[in-house]
Amino acid sequence: MTEFLVKHFIKDHRDVEKISVRTAYGVLASVVGIFCNVFLFIVKIVVGLALHSVSVMADAFNNLSDAGSSIISFVGVKMAEKPADKDHPFGHGRIEYISALIVSFLVLEVGFTFLKDSFRKIWTPEELNFQMISVVILLLSVAVKLWLGLFNRKLGKKINSKVMMAVFTDSMGDVVTTGATIVSILFFGLTGINIDGFVGVGVALVVMWAGVGIARDTLEPLIGAAIDPDVYEQIKRFVESYDGIQGTHDLIVHNYGPGRSMASIHAEVPNDMDVEQSHEIIDRIERDAAKQMGIFLVIHMDPVEMKDERVLCVRKQVEQLLRELDPSCSIHDFRVVHGELQSNLVFDMVVPIEYDKKTRNELPLRLAERIRDVEPGYECVITVDYDYVAKTEGQ
């Protein structure tokens with residue numbers, strides 16, 4: 001069904017890098033979400049009224065809020081499609097994140113409202129009416145929500161959309177909450193004991209937790225998330241694949257919405273290469289990055305020593321001492337400036353950003369002290385730098 005909808009309603013559906021295609025995916029997901037959730041709301045509100053069940057009605061209004069969320073997502077996707085203008089030179093892509101944040105607040109509001117209603121039901125319970133047809137209808141609801149969640153996950157992965165992945169998470173939460181509602185109805189049918197209010201509390205808490213998760217996922221790119229390790233490696237390999245580039249460091253990526261990124265990176269070039277030749281290579285990489293990766297890339301050129309054996313030997317010594325001191329750190333932009341009485345070792349030291357201020361201040365001093373112990377004629381000029389790449393699990 002998913003492939004059928006994509007092929008018939010999205011032109012050029014394979015070209016997911018195009019903004020117009022991303023927008024078409026977003027519109028399709030929103031329209032399908034509105035249809036499914038309005039349908040489920042009507043079904044559940046009828047069942048909830050028939051059973052006098054607060055947990056079923058809570059579930060129904062959760063679906064109604066999901067339909068409202070789909071409408072907001074639809075508006076957000078369409079607004080995010082707007083091209084750059086004089087006031088927004090990087091486009092309007094972040095509106096997609098803002099719309100997802102609004103969705104999270106709606107979900108939280110629904111959860112909080114029915115949390116209060118569920119507590120009221122616990123203190124003053126109402127009689128339930130057990131009907132097997134209602135259970136069957138709710139099972140149908142679970143099937144629809146499960147499909148809708150998987151539908152959004154598949155589309156979200158295709159276009160790397162946080163909004164669609166948030167809808168997937170919310171839909172899976174709905175599957176759990178509706179399943180809990182079914183359990184409470186069956187429990188009442190078998191035992192005559194009304195646990196509807198207690199199940200309603202659980203449903204409300206799951207809904208609120210889903211809202212918190214959506215807010216967390218959408219706030220990250222708005223605040224400024226660390227670089228995804230895969231994106232880091234992709235850009236690093238791309239730049240270093242060009243002849244004349246010896247290495248890279250200091251990659252920073254700024255996200256202006258899905259498919260809209262600006263990045264800056266330092267590229268190391270041999271210090272004896274002609275400046276105009278190096279500049280031509282840098283310009284070519286920037287143009288190619290825009291065409292092939294869709295990234296506005298700005299490259300800073302760093303000349304590095306490639307032939308002086310004394311300098312290369314000193315650098316290896318410093319790197320070895322740093323590995324012994326703290327293997328999580330590294331150096332770059334290494335230069336040796338010789339003087340009459342001493343030689344200055346000038347370099348940047350990359351320190352993990354999670355280190356506290358005291359550790360960040362102490363590490364360069366301890367490294368400089370170890371270097372002086374090995375060679376008293378060396379003085380260090382160290383600039384502390386940070387790694388902006390997100391940590392993967394296990395790191």
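Let's start at Asp272, which counts as partly exposed at 47% relative accessibility. This is a predicted model, and in it Asp272 has a charged partner: Lys307 forms a salt bridge with Asp272, with 2.9 Å between the closest N and O atoms. Asp272 sits in the loop between β2 (261-270) and α9 (275-292), while Lys307 sits in the loop between β3 (295-304) and α10 (309-325), so their pairing ties together parts 35 residues apart in sequence. Lys307 itself is exposed, at a relative accessible area of 62%.

That pair belongs to a set of 5 salt bridges in the structure. Step into helix α10 and you meet another, between Arg315 and Glu319. Their closest N and O atoms are 3.1 Å apart, and the two residues, 4 apart in the helix, are separated by about one helical turn. Glu319 is partly exposed, at 25% relative accessibility. Further along the chain, Arg372 and Glu379 join their side chains in a salt bridge of 3.8 Å, N to O. Both partners are partly exposed, Arg372 at 33% and Glu379 at 28%.

Now for the empty space inside. A search of the whole structure turns up 4 cavities of 30 Å³ or more. The second largest holds about 100 Å³, and α3 (54-80) and α6 (162-191) are the elements that give two or more residues to its lining. Among the lining residues are Asp66, Ser69, Ser70, Lys145, Asp170 and Ile214. Sorted by class, the lining of this second largest cavity is a mixture, with 4 nonpolar, 4 polar and 3 charged residues.

Methods: Residues are numbered from 1 along each chain as its sequence is written. This is a predicted model: local features need pLDDT of at least 70, side-chain atom pairs count only at pLDDT 80 or more; totals for chains, interfaces and linings use all residues. Side-chain values use heavy atoms; hydrogens and water are left out. On a 1 Å grid over the protein atoms alone, a cavity is a set of points where a 1.4 Å probe fits but cannot get out, and a pocket is an open set with protein on both sides within 12 Å along at least five of seven lines; lining residues have an atom within 4 Å of a point. Grid points are joined across faces, edges and corners, and a volume is the space filled by probe spheres set on the points. Ala, Val, Leu, Ile, Met, Phe, Trp, Tyr, Cys and Pro count as nonpolar, Asp, Glu, Lys and Arg as charged, and the others, Gly among them, as polar. A salt bridge is a side-chain nitrogen of Lys or Arg within 4 Å of a carboxyl oxygen of Asp or Glu. Buried means under 20% relative accessible area, exposed over 50%, partly exposed in between (1.4 Å probe, protein chains only).
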